[in-house]
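Good morning, everyone, and thank you for making time for this. Please take a moment to look at the sequence and the model before I begin to walk you through a few of their features.

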Amino acid sequence: MHDLKSPLRITWDVPADPLRADALFKIIMEARPLFIEAFVSHKSVWGFWGIAGELEKLRQTRVTVIAEGETLCDKAILSCDGCWMKNVSLILMPPYEEHGFFLCAASHARELLWGLWSTNVDMEKYFAEALGRAKGFKRGVAVLNPPAPAEPLSRKTIENAAKAWKEMELPENFEARIHDLFLSEALGLNPFEHYHGCAACQTLAHVDEKGNLIACRTAPHVIGNLLDDSLQSPLKSLWRSQKRRDIREMLSQTPKECRECVLADKCGGGCHGLSADGLGRDGGCPGPGFFK
Ligand code: SF4
């Protein structure tokens, strides 16, 4: 693939400090990504307050806000008068919010999904509930790649999820964004419909609360820090760096143990962030021969 001048998609953990959040948002926007997925934890509510006004002015970049309902119901966020909500997509994280008034506001978002991290704990606890709520509201679900240190979904978790999926009798056009290849396959979806190999340092990067530019939320290889005063156009400079190219090269290698598999060309070994050593085969893969 042609080497891009900057990432197309950035996942971002919004910091608690509004000044830092504002500075990082401007640095990220300067690189003109197509997509930003901003995770707002409850402690970063004020950080979000620092950028809410900017979200109302978005033009080309599509922003998805990922947060618990309780966080989004916080007075600080609602006092931004909610105009930003119409301009973003929302992924509601568990525990899911019950309040009708909130869901009424959230339904004005460009897109609304019920989300959860792809971890054994979240999947066992919330997957069936997310499906039920999304079905009730005629929306979809998003199972997001987990924060590092991450571990693969167990067979038991995947089987339970497949059972819940089947029992829910979802409509044919039900939207499900599932990052995990093996969960996706167990649900009867096409795992490769949206997956064209690991995107870390290729088209995607992650920015943490401290401003570190990282390969991916799940594979935490640090490229540099966006708040480094010595850098001009920090995101573009770091993206052009040899360090980013080296990490990309490392993550794009198909692990030796996958080369016999008929799917190796498609999956490239799956998610390195879910392998035992951070570079080997995705720990969720039962091994070559599982897929026919
Ligand atoms: S490291 Fe894993 S989670 Fe991150 S982009 Fe690659 S496959 Fe996806």
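In which sense do strand 8 and strand 9 pair, and over how many bridges? Keeping in mind throughout that what we have here is a predicted model, the answer is that strand 8, residues 204-207, and strand 9, residues 212-214, pair in the antiparallel sense, over 2 bridges. Within this pair, valine 207 stands opposite leucine 213 of strand 9.

Both strands belong to an open sheet of 10 strands, whose order is 7-6-5-4-3-2-1-8-9-10 and whose pairing is mixed. At the edges we find strand 7, residues 176-178, and strand 10, each of which pairs on one side only. If direction is ignored, neighbouring strands of this sheet are turned by 20° against each other on average.

Let me turn next to helix 11, which spans residues 242-251 and in which Arg244, Ile247 and Leu251 are buried. Seen down the axis of helix 11, the buried residues fall within an arc of 65°, and so they line one face of the helix. An α-helix has 3.6 residues a turn, so residues three or four places apart point the same way. Gln242 and Glu249, on the other side of helix 11, are exposed. What covers the buried residues of helix 11 includes the edge strand I mentioned, strand 10, at 222-225, together with helix 10, at 234-240.

Finally, the ligand is surrounded by a set of residues that includes Asn145, Cys198, Leu204, Cys271 and His272. The shell around the ligand divides into 7 nonpolar and 4 polar residues, with no charged ones.

Key:
Residues numbered from 1 in each chain as written. Predicted model: local features only at pLDDT ≥ 70, side-chain atom pairs only at ≥ 80, totals over all residues. Buried ≥ 20, exposed ≤ 12 C-beta atoms within 10 Å, placed from the backbone. Helix = DSSP H or I, 4+ residues; strand = E, 2+ residues; numbered from the N terminus. Arc of directions from axis to C-beta. Contact = placed C-beta atoms within 7 Å. Near = placed C-beta within 6 Å. Nonpolar A, V, L, I, M, F, W, Y, C, P; charged D, E, K, R; others polar. Pairing = 2+ DSSP bridges. Axes fitted to C-alpha atoms, helices over the stretch in contact; angles between N-to-C directions.
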